[in-house]
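The report below works from the overall fold towards single residues, and it is best read with the coordinates open alongside.

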Amino acid sequence: MKIHHLDLGPLRPLGGRLMDGITPGAVARLTCHCLLIETDHHGLVLVDTGFGLRDTMRPVPRLPAWNLALLRPRLDPERTAIRRLKRLGFAPNDVQHIVMTHLDFDHAGGLVDFPHAVVHLTAPEAEAATERRGIIGRARWRPAQWGDTSRWHTVETRLGSRGRGSGETLFGLRNVREIAGLPEEFLFVPLPGHTPGHAGVAVKGPRGWLLHAGDTYFNRAEAHGDGAAPPLLAAYERMMAADVAAQHDSLARLRQMLAAPDADIAVFCTHDAVEFVAMAAWSEGDGGAVAAGPVSQPASQETAG
Ligand SMILES: [Zn+2]
């Protein structure tokens, strides 16, 4: 198995360090951290898909206008999953599985670019996204991004429900679920709150377990530091939380796990650029690739936005 870390965004909201905690000046930098995993027997597996090719070509009306104005994604076709994996020497049909932390527009845009892949997501996420309740529901979930939904394989993750792996824990995190069609190195770790069916995706790679925590938190300080996100980012996070109490509970469980001395697992979220760089460097040590941006694009150009 080989794990590539891909930033299939990025986002460039205004707010500098009030948004990302680190960047001087006006424009902050957030990633859309996705994984491209080369497996031995299951082809390529994507964990989340960032923005897709069609999003970059016709952002309106595919993407929600208000979120677009706030997050200011860099919609560059060369940064999409499909173009990135072509540059790595793969074909789109090599992607056999896509595992989704949730279906928000900044995670699900690439689904339609891989029509042959099976899409794994939690049952409560599929239900909520299909219903699209409320103003936020209609903004965040964009059916135009999904392609054929008959390829969705849902995993029931609600507490008390039964399913493969339902009684299991992962380093103390409860209620983890196996994913039918994928080996046991892939698990859903339900972390609801940001959306009703939001889940982390745990992957056992060459260097041990890692947990893609999706949007359980937005800034590393929330999970690994003092608990506080930069103020502007915290406001956006609160606005987009479907259930604030549930999100706090999910994050509290994550922090509890990270505080345990035996938690031999690397945890990162989608939108923290520092975590992205750290994880790419960590995976590089075992031959996994760093893939921060198109090779042809100098780093300075990225930060200049
Ligand atoms: Zn997100």
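## Overall fold

Helices and strands are here DSSP runs, with H or I over at least four residues for a helix and E over at least two for a strand, and they are numbered from the N terminus. Counted in this way, the protein, which is a predicted model, has 13 helices and twelve strands.

A compact globule of 305 residues would be expected to have a radius of gyration near 19 Å, and the value computed for the protein, 18 Å, agrees with that expectation. The C-alpha trace spans about 50 × 40 × 40 Å along its principal axes, and 45% of the 305 residues are buried. Of the contacts between residues at least 6 apart in sequence, 65% join residues that are at least 24 apart.

## The five-strand sheet

Five strands form an open sheet in the order β7-β8-β9-β10-β11, and the pairing within this sheet is mixed. Because β7 (177-178) and β11 each have a single partner strand, they stand at the edges, and one side of each is left without a neighbour in the sheet. In general, the strands of a sheet pair through backbone hydrogen bonds, and they do so in either a parallel or an antiparallel sense.

From the β7 edge inwards, the connections can be followed strand by strand. Strand β7 runs antiparallel to β8 (residues 186-190), to which it is joined by two bridges, and E178 has L187 of β8 as its bridge partner. Strands β8 and β9 are likewise antiparallel, with five bridges between them, and here P190 is partnered by A199 in β9. Five bridges also link β9 to β10 (residues 208-212), again in the antiparallel sense, with A202 facing L211 of β10 as its bridge partner. The connection from β9 to β10 is a hairpin through two residues. Strand β9 (residues 199-205) is mostly covered, as five of its seven residues are buried.

## The surroundings of V189

Within this sheet, V189 belongs to strand β8, and it counts as buried because 29 other C-beta atoms lie within 10 Å, where 20 or more suffice. When its neighbours within four places in sequence are left aside, V189 is in contact with L170, L173, V176, A199, G200, A202 and L211. Two of these contacts, A202 and L211, are also bridge partners of each other, while A199 is the bridge partner of P190. V189 can also be related to a residue far from it in sequence, since T101 is 88 residues away along the chain and 9.2 Å away in space, C-alpha to C-alpha.

## Helix α11 and its two sides

Helix α11 has 16 residues (residues 244-259), which at 1.5 Å a residue should span 22 Å, and its end C-alpha atoms are 22 Å apart, in agreement with that figure. Its buried residues are Q247, S250, L254 and M257. These cover an arc of only 90° around the axis, which puts them on the same side of α11. The general background is that an α-helix has 3.6 residues a turn, so residues three or four places apart point the same way.

On the other side of α11, the residues V244, A245, H248, A252 and A259 are exposed. The cover over the buried residues of α11 includes α9 (220-224) and β11 (265-268), and β11 is one of the edge strands of the sheet described above.

## Backbone features to check

Two peptide bonds that lead into proline are cis in the model. The bond from G9 to P10 has omega near -15°, and P10 is found in the loop between β1 (2-7) and α1 (17-20). The bond joining V60 and P61 has omega of about 10°, and P61 lies in helix α3 (residues 59-62).

Positive phi values also occur at residues other than glycine. R72 has phi near 45° and is placed in the loop between α4 (65-71) and α5 (81-87), where its 17 C-beta neighbours inside 10 Å make it partly exposed. F171 has phi of about 50° and lies in the loop between β6 (152-155) and β7; with 18 C-beta neighbours inside 10 Å, F171 counts as partly exposed.

Key:
Residues numbered from 1 in each chain as written. Predicted model: local features only at pLDDT ≥ 70, side-chain atom pairs only at ≥ 80, totals over all residues. Expected span 1.5 Å × (residues − 1). Buried ≥ 20, exposed ≤ 12 C-beta atoms within 10 Å, placed from the backbone. Arc of directions from axis to C-beta. Contact = placed C-beta atoms within 7 Å. Pairing = 2+ DSSP bridges. Rg over C-alpha atoms; globule rule 2.2 N^0.38 Å.
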